[in-house]
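Student: Please take me through this model, and justify each term as it arises.

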Amino acid sequence: MNLFFRRLIIQISLILFITNSDVYTQNLNIKTYTYKDGLPTHSFFDAVQDTTGRMWFACSKGLTVYDGFEWKFLSVDEGVPMANYIKIELDDEGRIWALPKTPTNSIIFRDKNEWRKIPPILNSSVTLDMKMWGSSSNPKISVISRDSIFVFNGIKWDSYTNSFPESTLFFSIDFSNDQLYVSTSTGLYIMLKENFKINKVSLKFQADESILSIYTRPNANNTDIYILTNYAIYEYTNNEINLILENFNISTSLEYQHFFLAVDQFDNFYFGNDIITFHYNNRNKMFQLLGKSLNDKSFGASGVYLDRENNKWITTFRGIVKLSNSPFFSFYKSDGLLSNEVSSIEQFDDGRLIIGHNEGFSILTNYSFNKYMFDNYNEFFNQDSRVLDMVNFNSEIYFTAAKLGFGKWSNNNIIKWEIKNSNYQFLTLKNFKDELLVYKIDTLFKFKDNNLSVYSTFNHKSRIGAREITVVKNDIILIATNGIGLIKINNRYNNSVIKSYYNDYNNAYAIFEQNDSTILVGTKGGLCKIQDSILVPYSIKNLAINEPIYFIEAGNKPGSIWFGLDKGAIYCEDGKARRYDPNSGLAGYETNRHAGFLDSKGNFWIGTDNGLSMFAAGNEDIIPPKPLIDILYLEDREFNKFDLRNKIQLDYNHNSFAIHFRCLSFIDESNIKFFPKLLDSDGEVIEEFETKEKSARFSNLLPGSYRIELSAINSNSINSNVISSNIITVDSPFYYSIWFFILIIGGLVFIGFSVQKSISQKKYAKLLEKEVKERTSELEKVEELKSKAIYENIENDRKRISRDLHDGLGQILTSAKLKLETFQLSKSIDDKQFSGSLDLIKNTGQTLRKIVHNLHPLEIEKYGLAVSIEMMCNEMNNDSPIKIVSQIGNYSRRLSKKNEVMVFRIVQEALNNAIRHSNAKEINLIFWESIGNLHITIIDDGCGFDLADKLDAKIKGRHFGLVNINQRANFIGADLVISSKINLGTTIKLEVPFNE
C-alpha cells in the first residue's frame, strides 16, 4: 500500500471517529502567526522558551526568535547554518540546542552567545527527537530517527539500535527522575545515562501497543510520566499505570508522522500528530477536536510547547498557533445553548444545570445541552420573555419570566405556570422559611403549598422594580431596587428604605452578606455597604469597584467572592483580586444579574451576553507567574548604545538619551503597559509615565547621577517585578570647574562697579525725565531723544561689559582650570579645601551667569528674540513658584538689534512685576507676528490693581516698573496697552511695528 492510500485510510478513520464523538468547546484564546507577522516560512516543527523568556522556534529554513515585539530570523552571519531544523531544546545550563532533520548536518548549540557545532551523525535516516545532558565542554546527546537511536559520548556517535527488538520504531525521548525514557513501537524503555544500558519498562496494559509519545510535566514530580498510545493516555507514577483517557484513534500508520503529547497545570491534555490534534481536560472530562475551535477539522501539528505562563505554542506546517492560558470553559450557541445571552442559572438536585435565556431554557447534562423554548416567544421582542430569576425550592425549579409570569419547571420538562401572562413584571425570587418569596411591582408575595398570597406592600410615589431579594441575619429581608436603594423589611408590616446621597448607588442590583455581617451591595455606581442605614462606598481588602456590579456571589473557598460586572468579572480571595474578561477566557464582557452560580462540585458559572463560562474548581489555586521584564540598553542622541548593567558616564552635551526595554508576557503581547521612572541620586522621582512603546526618552537632564526604575503589567493585570538600572551620570560643563570661581571673584568687583555705574545712569535719566516734564512740549521731544540716546548708551555699555566678562574672563578662567587640574593630581592637596572651593566656585559661576545675562542678553544675537524670550520664560519657571506658559509663534521678520533688546527688556520687566506683585498661579505669554507688526501679550490671573491708583503713584514717583515699560515702548514707537482689575488679573499688550 503506497503512502497516498495510507493517508487516505487514516483520514477516513479520523472522520468516522470525530462524527461519533462528543466534543465540546473551550474558550481558547487563539492567536495565529504567519508571514504577515514576520515569520520566515510557514513550516515549523518545535518550540522552546529560554531563561530570559524569549521563544525559539525550529523551522524549515533555520531558527527564529520571538520576544513579543518582533520576530528575528537567525542568519548564517550570526552563526546559524541554514538547515531544516526539526527539534529545539533547552538544557539544564540554559543552552539552546537545535537538531537538523538531515543527519548529515551538524547539531548546533548556543553557549555564551556563541553558536557551536557537534559532528553530524551521517549514517541515519531523518531525525525526530533529541535530549542533552552533560557540560558544555563534555556534552552528551541522545538522538532518534524512526529506525535508529544514537548517543554522542563527547567524542563520537555510537548506535544502540541493536539493543532493542528487531524492527523497532522510535517515536520520542524524554527525561524523568534523571533517567532517559524512550518510547517505541515495542514499548517504553529506560536508557541509563551513566553506561547507556537499556531496560524495558513493564507497563501491564494492552500487549504490543506502541508508545507514540511521552511527556513529563514541568515542575511536577519527576516520577510522573504521561504516555500516549494509539488508543489511550496513561499516567505512569511510582511503577503504577493509571488510565486517563481511552477510545480514540490517532493513526493507523506509524511510519511517517510526528506524535506529540503535552499536559498543562489545569490538567489539559494536548495530543495528536501532523494530521489531527485533540484537547482533553481531565478535571471536567471534556474532550474536543482542537481543529473545531480553529475552524479547521483537519488541523494537525508537529508539536505543542507550554511556556512559563501556560500558553500553548503549537507548531504546524501552516505557521504557529498560540493558545493563551484560560481558566474558563466556555459554551456558546454553537455548542448547544439555546442562545448566547444567559440571564440566570440554577441547579437540579441531581446535579444538572438549568440555564435561563431570553427565549427559554437550556439543560446541561454531562456537558451536553437540551433546549426548550417558550411557546409564545417573539424574536422581535426577546427581552419580554427573559428568564429573570430561578430558585430550587423543595427540589423543584421555580422561575420568573418577564411579562410571562411565575412558573415551575417540572421533572418531565413541562412548564407549569403559577401565574401566567401577568399584567405586572415578576422580577425575583427567594427561599425564606420554607416559603418562596416572589416579588412583582410594589408587592412582595409568599408562595407555599401552591398558594400565592400577599406578604408585604410598599407605598411609593413611583412603581418599584426590584433586582434581588436577600435574607440576612435576624430574618431581615432586603430588596435591591432600581431607583430608591434597598427596601428593608423587619416583618410583613414594617418596612423602610436604605439609600445613598448619590443616585447611582440607589440603583442596586445585588446584595451579599459577609461572614462578619458586613452587607455588600452591588450598584450602578459600584461597590457599597450598609452603614448606619445608609449606602456608602466600600473597598473590600483595598479593592474599590467603581463600575456597575450585577451580581455578588460566594466562591468555593471560605471568604472568596465573585463580582459580576459590565466589563467582565472579579474574583477576590485572601485580599487578592483577579479580573477576568474575554482576554482571559470569559465568554463575554457583560455579566447578568442572576447568572453567577456556584454548583455542587465547586465550579463557578458565569452567564454573559455572549455565552456561558465555567471557572473550574481548583483553577483559583494556580497563581499566574509575573511577566519577565528587562532593560536592554541606553542609546544616546548619536545612537551609541550602552549596557545598563554597568555604570554609564555621559558628557554634558549628551544629556538626552533613550532607554530600551522589553517585557516577556505572551498572554496578549499587544496590551503590555510599561511604567518607566527617572530617579535622582537621592531616590526622588524626576519623571514617570505610562507607555505601550518599548522605549522611553529622557531629555535635557541637568548634571548629576540618575537611575531608571521599570515595571510592567500584562493584559491579565499581573504586575512584573520592579527592576533598576545601574547609575547614569551626566557630567558637569566646564564652567563648573574649581578655578573658574577663583577668577570670578575679581570679575565680580568689576561687575559691581559696572552695575553701580549703570544705576547712576538710570538715576540721572529719571532726573532728566522729571525736568523734561516741566518744559514745553517742544523741549519734551528734544529731551526724549536725549533720554533715548542715554538708554542706548546704557545698553551699549552693558553689551561691552558682558562681552568682556564672557570673552576675557572666560579665557583666563579656562587657563586657570587647566592649571588647577594639574594641581589636583598632587597628593598634597587637602580634599576638604578642594571640595569647598569647588562648591563655592559652582555657586559663584551660577551667579555670574545670571549677572551677565541681566546686563545684556547675548542670546538675542545668537538665537534671536523669540528663542531668547522662550529661554527666559523657562529660566523663570525654574526659579519661580508661578507657572509661566509661553506660546511662541512664527517670527520670520526681524526688528533692529536695539529694538529687539528694548522688547526683551519690556517683557523681562513685565514678567518680573507679575512674579513679585501679582500673587498669580499662572502667567501666559503669547508671541506672534502679523503682516506689519510684532505682537506680545502677557496675561496673569493674579490680584490685579486699580489702574488709576497706579497712575497716581507713577506721578508721585513710585512703581518704576510701569514707568520703564511705558518709556521703552515709546522709545521704539510701540503701542502699549495695560488693563487690570482687582482680583481679575492684569493684561499687557505690546504692538511693535517692523518699519522703524
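Tutor: Let us begin with a hairpin: in that of β32 and β33, where 2 residues lie between the strands, Asn366 takes a positive phi near 50°. The model is predicted, so local features need pLDDT of at least 70 and side-chain atom pairs count only at pLDDT 80 or more, while totals for chains, interfaces and linings use all residues. Residues are numbered from 1 along each chain as its sequence is written, and side-chain values use heavy atoms, with hydrogens and water left out.

Student: What makes β32 and β33 paired strands?

Tutor: Strands are DSSP runs of E with at least two residues, numbered from the N terminus, and two of them pair if DSSP finds at least two bridges between them. Strand β32 (residues 360-365) and strand β33 (residues 368-373) have 6 bridges in the antiparallel sense, and therefore they satisfy the definition of pairing. Within β33, Phe369 is the bridge partner of Leu364.

Student: Why are β34 and β37 said to stand at the edges?

Tutor: The open sheet has 4 strands in the order β34-β35-β36-β37, paired antiparallel. β34 (387-393) and β37 (415-420) each have a single partner strand, so one side of each is left without a neighbour in the sheet. Inside this order, β35 (residues 396-401) is joined to β36 (residues 405-409) by 5 bridges, and Ile397 has Trp409 in β36 as its bridge partner.

Student: Why is Met130 called buried?

Tutor: Buried means under 20% relative accessible area, with exposed over 50% and partly exposed in between (1.4 Å probe, protein chains only). Met130 has a value of 0%, and therefore it is buried. Met130 belongs to strand β10 (residues 127-134). Contact means heavy atoms within 4.5 Å; leaving aside neighbours within four places in sequence, the contacts of Met130 include Trp97, Leu99, Ile107 and Ile173.

Student: How do you know that Asp581 has no salt bridge?

Tutor: A salt bridge requires a side-chain nitrogen of Lys or Arg within 4 Å of a carboxyl oxygen of Asp or Glu. For Asp581, which is buried, the nearest side chain of opposite charge is Arg579, 5.3 Å away; therefore the criterion is not met. Asp581 is found in the loop between β55 (576-580) and β56 (591-598).

Student: What is the mean pLDDT of the protein chain?

Tutor: pLDDT is the predictor's confidence in each residue, from 0 to 100. The mean for the protein chain is 82, and 82% of its residues reach 70 or more. Over residues 1-27, however, the pLDDT is below 50. Where pLDDT is low, the predicted coordinates should not be read in detail.

Key. Lys, Arg positive; Asp, Glu negative; His and termini not counted.
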